[in-house]
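Open the model in your viewer and keep the selection box handy. We will go from one stop to the next, and at each one I will say what to pick and what is there.

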Amino acid sequence: MTHKLVNTEERARYWMSVLGEDYLRSHFSTDQPLAIQQLTHNRYRTNPRTLIEHTLKCLGLEGTESVLDVGCGNGFVLRDVASRMRYPGAITAIDQSKEILETAKRNVNFSWVPVTYLQGDARQLDAMVTGPFDRVMANFLFHYIDDPDMMVRQLRNATADDGLAVVTVEGLDSMPEMYRLHEAAMHAVGIPTEVIERAPKGRRGTLSPHNGKEILGRAFQSVTVHPYEDWLRFEEPQPFMEFYANGHRYAGLEKVAGDSVSEDLFKALYDDVRRRVSEIINDRGYFRLSKVNVVFVARAS
């Protein structure tokens with residue numbers, strides 16, 4: 001592993017620890033940030049195939065399988081999975097947020113097979129489900145897991161010997177354009193230096209495209225890698241600003257700022273980022289935001 005990648009992974013672990021458990025609870029106490037991210041990705045993507053379509057292909061469903069969705073979120077992927085199921089298939093969906101789980105139930109508003117929803121911490125998966133399941137999904141779960149080996153072992157325990165687990169993660173180097181603008185704007189408007197030092201400068205996740213095959217391979221017989229690359233094209237600034245300020249909560253700054261950043265400073269930051277994005281659009285015709293995702297398919301045997 002190169003020195004650069006070691007630094008990237010250490011950086012991701014650090015920012016995850018800074019954001020912590022309370023960020024997870026507050027971020028998913030409402031569906032709004034997640035929904036804004038999902039809507040923006042689908043509306044402004046340049047890849048003709050959606051990430052969900054890519055993930056479903058990796059799942060290889062015939063429709064009669066038992067499926068476990070670990071960290072189902074608002075049901076964005078689960079909805080499409082449920083629409084492809086038939087008797088005698090069945091689905092179990094887990095999320096620790098009561099509010100998000102209720103949203104998932106509303107979004108998965110029809111299914112040809114039973115769907116069981118369980119509220120609980122994915123890190124306690126062994127105690128929550130008996131399994132085994134033919135398909136186990138974990139989409140963007142590892143953004144919030146501090147011990148990836150522990151989580152992967154539990155995913156393996158839940159997977160049937162002839163089944164597979166599908167793990168989707170975002171690249172640690174995803175969306176660099178947003179983070180570069182964000183950092184430059186923080187300095188320009190006078191965000192306190194100590195706050196800037198704590199603020200995330202990139203994506204997080206202890207299992208990532210850099211190390212996912214290795215970590216999953218410790219518990220699963222074989223692991224294949226299925227990249228999904230895309231970039232979002234914004235021809236006007238407002239959709240990006242909604243994505244940045246409300247979808248990503250100022251690239252995580254809201255959490256680390258505390259009382260050190262006033263509402264006036266946040267407004268100044270918003271205006272400065274918008275100005276920079278507008279200048280790029282006026283010069284180039286659009287603002288590009290690069291997205292890097294990987295789907296790992298882990299076979300139990």
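Select Leu 51, Ile 52, His 54, Thr 55, Leu 56, Cys 58 and Leu 59: these are the buried residues of helix 3. This is a predicted model, so treat the tour as a reading of computed coordinates. Helix 3 spans residues 51-59, and because seven of its nine residues are buried, it is largely enclosed by the rest of the structure. To see what encloses it, add helix 4 (78-83), strand 4 (133-139), strand 5 (159-170), strand 6 and strand 7, against which those buried residues pack. Just after the helix comes Gly 60, with a positive phi near 60°.

Next, the largest nonpolar core. Which of its residues touch the most other members? Pick Met 178, Phe 240, Tyr 244, Leu 253 and Leu 269, out of 33 residues in the core. The elements giving two or more residues to this core include helix 8 (176-189), strand 6 (222-234) and helix 11 (237-247). Helix 13 contributes the most, with seven residues.

Now centre on Leu 253. Leaving aside residues up to four places away in sequence, Leu 253 touches His 182, Met 186, Val 195, Ala 199, Phe 266 and Leu 269. A separate core of 28 residues lies apart from this one; colour Phe 133, Phe 142, Met 151 and Val 223, which are among its members.

Time for the rings. The structure holds eight aromatic pairs. Show Trp 231 and Tyr 286: their ring centres are 5.6 Å apart and their planes meet at 35°, so the pair is tilted. Trp 231 sits in strand 6 and Tyr 286 in the loop between helix 13 and strand 7, 55 residues apart. Both Trp 231 and Tyr 286 are buried. Add Arg 284, which lies over the face of Tyr 286 at 5.5 Å from the ring centre.

Move to Tyr 250 and Phe 266, another tilted pair, with centres 5.0 Å apart and planes at 55°. These two also belong to one aromatic cluster with Tyr 44, Phe 234, Phe 240, Tyr 244 and Phe 287.

Last stop: Lys 201, in the loop between helix 9 (193-198) and helix 10 (212-217). Is Lys 201 buried or partly exposed? At 21% relative accessibility, Lys 201 counts as partly exposed. Its side chain reaches the backbone oxygen of Ala 199 at 2.7 Å, and a polar atom of that side chain lies 2.3 Å from the backbone oxygen of Ile 196. Finally, draw a C-alpha to C-alpha distance from Lys 201 to His 182: 8.4 Å in space, for residues 19 apart in sequence.

Key:
Residues numbered from 1 in each chain as written. Predicted model: local features only at pLDDT ≥ 70, side-chain atom pairs only at ≥ 80, totals over all residues. Heavy atoms only, no water. Helix = DSSP H or I, 4+ residues; strand = E, 2+ residues; numbered from the N terminus. Buried < 20%, exposed > 50% of the residue type's maximum accessible area, 1.4 Å probe, protein only. Polar contact = N/O pair within 3.5 Å; in protein donor to acceptor, adjacent residues only side chain to side chain. Core = buried A, V, L, I, M, F, W, Y, C linked by side-chain atoms within 4.5 Å. Contact = heavy atoms within 4.5 Å. Phe/Tyr/Trp six-rings, centres within 6.5 Å; stacked < 30°, edge-to-face > 60°. Lys NZ or Arg CZ within 6 Å of the ring centre and 35° of its normal.
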